[in-house]
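User: Please take a close look at the nonpolar interior of this protein. I would like one connected account of how it is built.

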Amino acid sequence: MKYINELREGNRISGIYLCKHKQSAVTKNGKQYENVILQDKTGTIDAKIWDPNSMGIREFEALDYVDIMGDVSSFNGALQVSIKNARKADEGEYNPADYLPTSRYDINTMYQELLSWIGTVKNQYLSGLLTYYFIQDQETAKRFRMSSAAKSVHHGFVGGLLEHTLSVTRFCDFMVKSYPILNRDLLITAAILHDIGKTKELSLFPQNDYTNDGQLLGHIMIGAEMVHDAAQKIDGFPQELENQLKHCILAHHGELEYGSPKKPAMVEAVALNLADNADAKMETLTELFDAAPAGNEWLGYNRFFESNIRRTGDFS
């Protein structure tokens with residue numbers, strides 16, 4: 001079996017992949033076919049079953065592990081698999097860990113670092129709020145460790161939410177040391193909590209898809225509600241402090257057109273937006289470089305950056 005990131009146009013592939021999505025469709029000529037998305041730990045690839053009633057295609061559903069044979073081609077600049085044979089794989093034929101994209105860093109080690117950042121927050125109310133979600137509420141803590149930070153674009157893997165949160169927190173700590181006007185406890189707390197709503201916005205792998213709450217509310221609104229809910233459990237939590245923390249969460253995308261209900265009105269909200277945006281862009285480039293064929297310097301136009309991206313060469 002070849003991993004998806006190793007596939008190239010013209011390959012014939014044979015092996016077991018996770019069927020992340022399957023949907024019937026009809027061509028312009030009225031012929032039925034199946035849209036399929038295959039996944040392993042290195043990513044996903046679009047696939048088609050052009051003759052779903054053929055002898056080689058057996059029954060399988062979304063989220064099944066499927067033993068396939070097919071050919072890799074290119075369509076509209078993206079790779080696509082034409083599946084010729086397929087059957088649902090039996091339990092024991094595959095290791096689920098091979099099919100779930102996971103952070104390159106150890107999740108337990110990252111979580112211990114997160115707890116160490118929480119330990120640096122001196123304000124009793126903010127410390128209590130962080131302790132509630134990341135130590136006392138074991139269900140939220142578990143989901144936070146295992147969640148992705150996005151369905152796509154960046155950090156779309158197990159542990160991605162934790163990895164992204166740590167990077168944003170480190171950025172914010174750097175800015176605190178450089179700009180004394182920042183309230184450290186507020187900014188570090190906001191950094192740790194800014195995407196906590198994603199624990200309810202997205203389902204865990206292998207689905208990693210939007211929940212009903214995610215579709216209706218989105219992680220920014222969910223996160224602000226979670227801050228409010230936890231603050232209500234802490235005696236004497238100042239209303240002004242709660243509002244400031246919620247503002248940082250509500251404004252962390254920076255612009256109304258990027259999904260933030262409010263634009264940043266506090267220096268801590270500005271700093272959080274800069275840190276969040278910086279990490280999202282750097283991780284997007286990291287994943288783009290990792291997926292590109294070796295030796296390619298110019299990687300083509302990227303919609304996220306609205307630019308043709310060039311990978312830096314080796315100057316040694």
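Analyst:
**The nonpolar interior**

The model is predicted, and its protein chain contains 10 helices and seven strands. Along the principal axes, the C-alpha atoms fill a box of roughly 70 × 50 × 40 Å. Of the 316 residues in the chain, 45% count as buried.

The largest nonpolar core has 50 residues. Within this core, F134 and L193 are the residues with the most contacts. Helices that each supply at least two of its residues are α1 (107-118), α2 (124-136), α3 (138-146), α4 (160-178), α5 (184-193), α8 (219-232), α9 (239-250) and α10 (267-291).

L193 merits a closer view. When its neighbours within four places in sequence are set aside, L193 is in contact with L129, L130, Y133 and F134, and also with V227, L245 and I249. By the residue ranges, L129, L130, Y133 and F134 belong to α2 (124-136), V227 to α8 (219-232), and L245 and I249 to α9 (239-250). L193 itself is in the range of α5 (184-193).

Apart from this core lies another, of 18 residues, and I13, I68, V72 and V81 are among them.

Two properties of the whole chain complete the account. Among contacts with a separation of 6 or more, 57% are accounted for by residues 24 or more positions apart. As for the surface, the chain exposes about 16,500 Å², and carbon and sulfur atoms supply 49% of this area. In soluble globular proteins, nonpolar side chains tend to be buried together.

How values were computed. Residues numbered from 1 in each chain as written. Predicted model: local features only at pLDDT ≥ 70, side-chain atom pairs only at ≥ 80, totals over all residues. Heavy atoms only, no water. Helix = DSSP H or I, 4+ residues; strand = E, 2+ residues; numbered from the N terminus. Buried < 20%, exposed > 50% of the residue type's maximum accessible area, 1.4 Å probe, protein only. Contact = heavy atoms within 4.5 Å. Areas by Shrake-Rupley, 256 points an atom, 1.4 Å probe, with all protein chains shown as cover. Core = buried A, V, L, I, M, F, W, Y, C linked by side-chain atoms within 4.5 Å.
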